Amino acid sequence: MLFPDYRPRRLRQNDAFRRMIRETILTVDDLVLPLFVIAGKDVRNPIPSMPGHCQLSMDHLVQTAKEAHQLGIPAVMLFGIPEKKDPLGTRAYATDGIVQKAVQTMKRTLPELVVITDVCLCQYTDHGHCGVVEGQTIDNDASLDLLARTALSHAKAGADMVAPSDMMDGRVAEIREILDENGFSHVPIMSYSAKYCSAYYGPFRAAAHSAPQFGDRRTYQMDPANALEAIREVSMDVEEGADIIMVKPALPYLDIICRVRQEIDLPIAAYNVSGEYAMIKAADEKGWLDGEKVMMETLTAIKRAGADMILTYFAMDAAKAVRG
Ligand code: PBG
Ligand code: ZN
């Protein structure tokens with residue numbers, strides 16, 4: 001159909017028409033709020049590059065989680081900032097670790113809110129890498145057991161879902177096995193499957209004290225130039241038992257979300273990461289763009305590309321916006 005027979009503007013002429021033909025609608029059900037927990041009492045350390053976000057001690061964590069729950073946000077993703085780090089990241093899989101304690105408290109006080117835990121070693125290792133270091137390299141297979149133990153300790157604490165973000169090969173199978181062996185076959189795995197080696201993680205690393213102390217993450221996170229490889233990564237995680245697969249970051253990788261959507265029938269999560277948040281907040285603060293409008297456009301675009309859920313530091317703001 002061509003002009004003048006077809007006039008696309010006919011269905012754009014008023015808000016009711018536009019609402020009737022809208023293809024993608026962001027709802028609060030799509031949102032997951034990432035939170036950072038730190039030791040202590042009454043601690044709220046603002047994260048300068050992530051306005052509105054803080055490292056929270058348990059009391060404030062519960063309070064913030066309550067607010068999220070009241071806004072209708074179905075789930076939070078927990079990151080821990082431990083008091084001590086060591087080469088093997090032992091506080092990542094300690095029964096009395098920061099995340100383990102936080103999960104227990106949250107499930108006791110707010111049982112309906114889904115608690116997803118990030119499973120990785122980088123916040124807990126003194127070298128800041130996501131796996132075990134051998135000389136100057138990251139030892140894949142030696143890391144698997146520690147990651148599996150971390151996931152198990154989270155499940156034992158009551159985590160509703162575990163989310164490995166380390167990008168070691170074979171970790172999903174290892175985690176599925178240890179969970180099943182220990183009576184946690186009901187705990188789903190959200191795998192950071194296509195996780196790129198991205199400079200957009202900068203603000204997060206400052207917030208979580210998880211920057212690598214030597215080298216970078218290029219030997220385990222994906223090369224931003226690759227798309228076919230993302231399909232291979234995702235397929236492996238599906239074979240290994242992932243229940244939800246993740247693409248990360250989100251906005252610069254919409255093509256990857258879209259391709260994965262076409263290839264895979266599992267739910268897809270997209271992680272709208274710290275740097276994506278920081279850019280919009282910074283430009284908004286400068287008055288260079290309308291932060292709330294750009295937020296909604298961005299999150300809607302991520303959903304339009306094929307994401308079923310979005311991990312985003314905008315979760316609270318977006319929940320308020322969609323409620324009107
Ligand atoms: C660590 C981890 C990172 C993020 C989530 N888990 C950073 C990294 O891989 O260096 C990034 C989140 C964000 O930037 O918002 N495994
Ligand atoms: Zn990591």
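This note describes a zinc site and a ligand site in a predicted model.

1. Basis. The model is predicted, with local features requiring pLDDT of at least 70 and side-chain atom pairs counting only at pLDDT 80 or more, while totals for chains, interfaces and linings use all residues. Residues are numbered from 1 along each chain as its sequence is written, chains are lettered from A and ligands numbered from 1 in the order in which they are written, and side-chain values use heavy atoms, without hydrogens and water.

2. Zinc donors. The zinc ion (ligand 2) has as protein donors the SG atoms of C120, C122 and C130, at 2.2 to 2.3 Å. Donors are N, O and S atoms within 2.8 Å of the metal (3.2 Å for Na, K and Ca); water is not among the atoms, so sites may look incomplete. Along the chain, the donors follow the spacing C-x1-C-x7-C.

3. Burial. Both C122 and C130 are buried, meaning under 20% relative accessible area (1.4 Å probe, protein chains only).

4. Ligand 1 surroundings. Ligand 1 is surrounded by 17 residues, the closest being K195, R205, K248, S274 and Y313; the criterion is a heavy atom within 4 Å.

5. Polar atoms. Oxygen atoms of ligand 1 lie 2.7 Å from a polar side-chain atom of K195, 2.5 Å from one of R205 and 2.9 Å from one of R217.

Note on methods: Buried means under 20% relative accessible area, exposed over 50%, partly exposed in between (1.4 Å probe, protein chains only). A polar contact is a pair of N or O atoms within 3.5 Å; within protein, one must be able to donate a hydrogen and the other to accept it, and residues adjacent in sequence count only if both atoms are side-chain atoms.
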